[in-house]
Amino acid sequence: KKGPSVGNLDKTVLNILKNREESKLHNSYWTNTLSQFYMLGVNTDDPANYEEVLKSFTVKDIKKIAGKGFKKSNVADMVFSPANN
């Protein structure tokens, strides 16, 4: 109901973008990018189609998305894994 703090949202966005840059070193990233382009016509490697959208999310947006996702759910499955796996 409260959503993430602005600080936690910013950290999460930075972490996602960092992981995305690291993923660009692997063929699976490029395979997925090409698949998305040819199936949906969207270039997900273009910053306007990913990075800018991700950076534009606000706490209000996350609360709205989560509200829709958990509206009918009374259980949430979460998976925690060790950082050094």
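## Close-ups of a four-helix chain

**Figure 1. The buried side of α1.** Leu9, Val13, Leu17 and Arg20 are the residues of α1 that count as buried. Look down the axis of this helix and these buried residues stay within an arc of 70°, so they line one face of α1. Flip to the other side and you'll find Lys11 and Leu14, both exposed. What do the buried residues of α1 pack against? Their partners are α2, α3 and α4, the last of these running over residues 59-70. Bear in mind that this is a predicted model.

**Figure 2. α1 from end to end.** Helix α1 covers residues 6-23. With 18 residues at 1.5 Å apiece, α1 should span 26 Å, and its end C-alpha atoms do sit 26 Å apart, so the expected span and the model agree.

**Figure 3. The largest nonpolar core.** Five side chains are in the frame here: Leu9, Val13, Leu17, Leu54 and Val59 make up the largest nonpolar core, 5 residues in all. Helix α1 is the top contributor, giving 3 residues to this core. Zoom in on Leu54 and, once residues up to four places away in sequence are set aside, its contacts are Val13, Ile16 and Leu17. As a rule of thumb, nonpolar side chains in soluble globular proteins tend to be buried together.

**Figure 4. Thr44, tucked into a loop.** Thr44 belongs to the loop that links α2 (27-40) with α3 (51-56). Is Thr44 buried or exposed? Its relative accessibility is 18%, and the cut-off for buried is under 20%, so Thr44 counts as buried. Skipping neighbours within four places in sequence, Thr44 is in contact with Arg20, Tyr29, Thr33, Gln36 and Tyr50. One of those partners, Arg20, is also among the buried residues of α1.

**Figure 5. Stepping back to the whole chain.** There are 4 helices and 0 strands, and the order along the sequence reads α-α-α-α. How does the radius of gyration of the chain compare with the globule rule? It comes to 16 Å, well over the 12 Å that the rule gives for 85 residues, so the chain is more spread out than a compact globule. The C-alpha trace spans about 35 × 35 × 25 Å along its principal axes.

**Figure 6. Surface and contacts.** Of the 85 residues, 12% count as buried. The chain exposes about 7,400 Å², with carbon and sulfur atoms supplying 57% of that area. As for contacts between residues at least 6 apart in sequence, 59% join residues at least 24 apart.

Terms used. Residues numbered from 1 in each chain as written. Predicted model: local features only at pLDDT ≥ 70, side-chain atom pairs only at ≥ 80, totals over all residues. Heavy atoms only, no water. Helix = DSSP H or I, 4+ residues; strand = E, 2+ residues; numbered from the N terminus. Buried < 20%, exposed > 50% of the residue type's maximum accessible area, 1.4 Å probe, protein only. Contact = heavy atoms within 4.5 Å. Core = buried A, V, L, I, M, F, W, Y, C linked by side-chain atoms within 4.5 Å. Expected span 1.5 Å × (residues − 1). Arc of directions from axis to C-beta. Rg over C-alpha atoms; globule rule 2.2 N^0.38 Å. Areas by Shrake-Rupley, 256 points an atom, 1.4 Å probe, with all protein chains shown as cover.
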